[in-house]
Amino acid sequence: MSEERNTLGNEAPGTEGENAAVASAGEPSEPLEPRDLSADEVEVSPEELDEREQRFTRPRKEMGPTTDYRAETTPEETPEEGS
Amino acid sequence: MASVRLIRNLQLGDVATSTLTSSVCEPTAAASGNNIFVTGNWFATRSTTGGSNFAFVDPFTAFPSAAGGFCCDQVVLYDPSRDIWIWILQYIQTGGSNIFRVAISRGSTFGSWYYWDFSPRALNPAWTDLWFDYPDAAISANHLYITFNAFNSAGRFQRAFVFKLPLDTLRNGTSLGYQWWSTTANGSLRLTQGALNTMFFASHNGGTTLRVYSWPDASGTISSFDVNVSAYSAGPYSAPGPGGVEWLARTDSRITGAWLAGTRAGFMWTAGAGAGRPFPYVRVAVVDTVTRSLTGQPDIWNTSSAFAYPAACPNAQGVVGVSLFFGGGTRHPSHVVGFRDGEAWRLVITSSSTHGPSGGAWGDYLSCKRYQPQTSEWVASGYTLQGGTDRRNVAPQYVHFGIG
């Protein structure tokens, strides 16, 4: 059995860090009670989901900033030098 | 020798999902006694009978529409300290932006939800070409933490976000003030399950360096330190099963499992085959959060099949439970659960696919959470393909397990 145990001591390292921002999402919506549904009550069509499946199963998006990505560089246009 | 005890191992059928299933299922599950909630692409389903039966809940119509409509990438959690269910839904980007929704249901009124919406523009009006994708969520003693990546309309990574929402406000359903932080330096931030007074989360920092962040519950300051791990392959990933059918075409090395137990934080991701590892495997990095050093790398690997897409959570005693996939060689993708037992991983297959997926599509995440109220046990999600390769053949798996 693992020797690891939960304790209250998982304090953060004392490094200098960045400050979080604060925001408000306001009041919540009124409570809603989504119904338990049977299959024939579903509104999204199988064809819509089949089409979504095609898009959904493509290669994944980037997992973060990639080290090999560099912004494209486009030289500025300059007037051609006269002869 | 301890063994894995499957207390409830249920394959969810069409009544539960209404066949709103995808090959990239991304299932999550939470449980409190006989109440269970399971989400996935593109369904939700709940049980009030301990899993004896499930009733489909339609995420497309459960709430008023927003942005371009319901998309995908759901997460469900149960917080026992406030007796609330937390349901996170991602909406489709339109005009370069989208929202995610955090819906709450109190345990006493399980199935009745109120919610808040979060948009990039609400954080910064200049963020008009930014949309949220790929959530993770975990709770600490007093907060719900949520991470998202954010992309522009061209699909390029822009930044990663962490949101910190007070659980008391979520329970009380009052005006929600919260904290948030974002970074352009790291992506796919993975939160530790099992945190108490400080949330830890991590991301690859390039090469073999992990960047481990910490955010104390009682602070507005996020700190970080870096830890080096042993070299691993970040792909390409391949583990064809019977008939040469690939299931790792979408796999990358992002961290998909993380836990905190005492002063040890663990981070797990799928690594490509390499020396001594003939198939892709799960790299596990255990970090001491006080000394900020690597203490172990108890990889999960096998000589005849691959492991991928791990999720993890400690039980109340600090034993690490896991949920992940196993496949390749003679085996179609299978779902396994288990736990760390001293120096070994004890794993058991909950269900095996009868087919491999079309186009190698599988993933992108699973869940493993502490079961309530028996906190020495876990609840996990998985899925397999049953009887074919179509998205309708996806069978989500709900698993309640413990130590035998």
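# A first look at chain B: one sheet and its cysteines

A good place to start is a single pair of residues: Ile88(B) has Val102(B), in strand E8(B), as its bridge partner. This is a predicted model, and the predictor gives the complex an ipTM of 0.92 and a pTM of 0.93. From that one pair we can step out to the sheet around it, and then turn to the cysteines of chain B.

**Confidence**

- Chain B has an average pLDDT of 97.
- In chain B, 100% of the residues score at least 70.

**The sheet**

- Strand E7 of chain B covers residues 84–91, and strand E8 of chain B covers residues 100–106.
- These two strands, E7 and E8 of chain B, run antiparallel and are joined by seven bridges.
- Both belong to an open sheet of four strands in chain B, ordered E6-E7-E8-E9 and paired in the antiparallel sense.
- At the edges of this sheet lie strand E6 (70–79) and strand E9 (114–118) of chain B, each of which pairs on one side only.
- Going from one strand to the next, the twist averages 20 degrees.

**The disulfide**

- How many disulfides does a search of the whole structure find? Over all chains, the search finds one.
- Cys71(B) and Cys72(B) form a disulfide, with 2.2 Å between their sulfur atoms.
- The link between Cys71(B) and Cys72(B) is right-handed, with 70 degrees about the S-S bond.
- Cys71(B) has a relative accessible area of 13%, so this residue counts as buried.
- Cys72(B) is buried too, because its relative accessible area is 3%.

**Two cysteines without a bond to each other**

- Why is there no bond between Cys313(B) and Cys368(B)? The closest cysteine sulfur to that of Cys313(B) is in Cys368(B), and at 5.5 Å it is too far for a bond, because a disulfide needs the two sulfur atoms within 2.5 Å.
- Looking from the other side gives a matching picture: for Cys368(B), the closest cysteine sulfur is in Cys313(B), at 5.5 Å, so a bond is ruled out by distance.
- Is Cys313(B) buried or exposed? Its relative accessibility is 3%, so Cys313(B) counts as buried.
- Cys368(B) is also buried, with a relative accessible area of 1%.

How values were computed
Residues are numbered from 1 along each chain as its sequence is written. Chains are lettered from A and ligands numbered from 1 in the order in which they are written. This is a predicted model: local features need pLDDT of at least 70, side-chain atom pairs count only at pLDDT 80 or more; totals for chains, interfaces and linings use all residues. Side-chain values use heavy atoms; hydrogens and water are left out. Two strands pair if DSSP finds at least two bridges between them. Axes are lines fitted to C-alpha atoms, for helices over the stretch in contact, and angles run from 0 to 180 degrees between N-to-C directions. pLDDT is the predictor's confidence in each residue, from 0 to 100. Buried means under 20% relative accessible area, exposed over 50%, partly exposed in between (1.4 Å probe, protein chains only).
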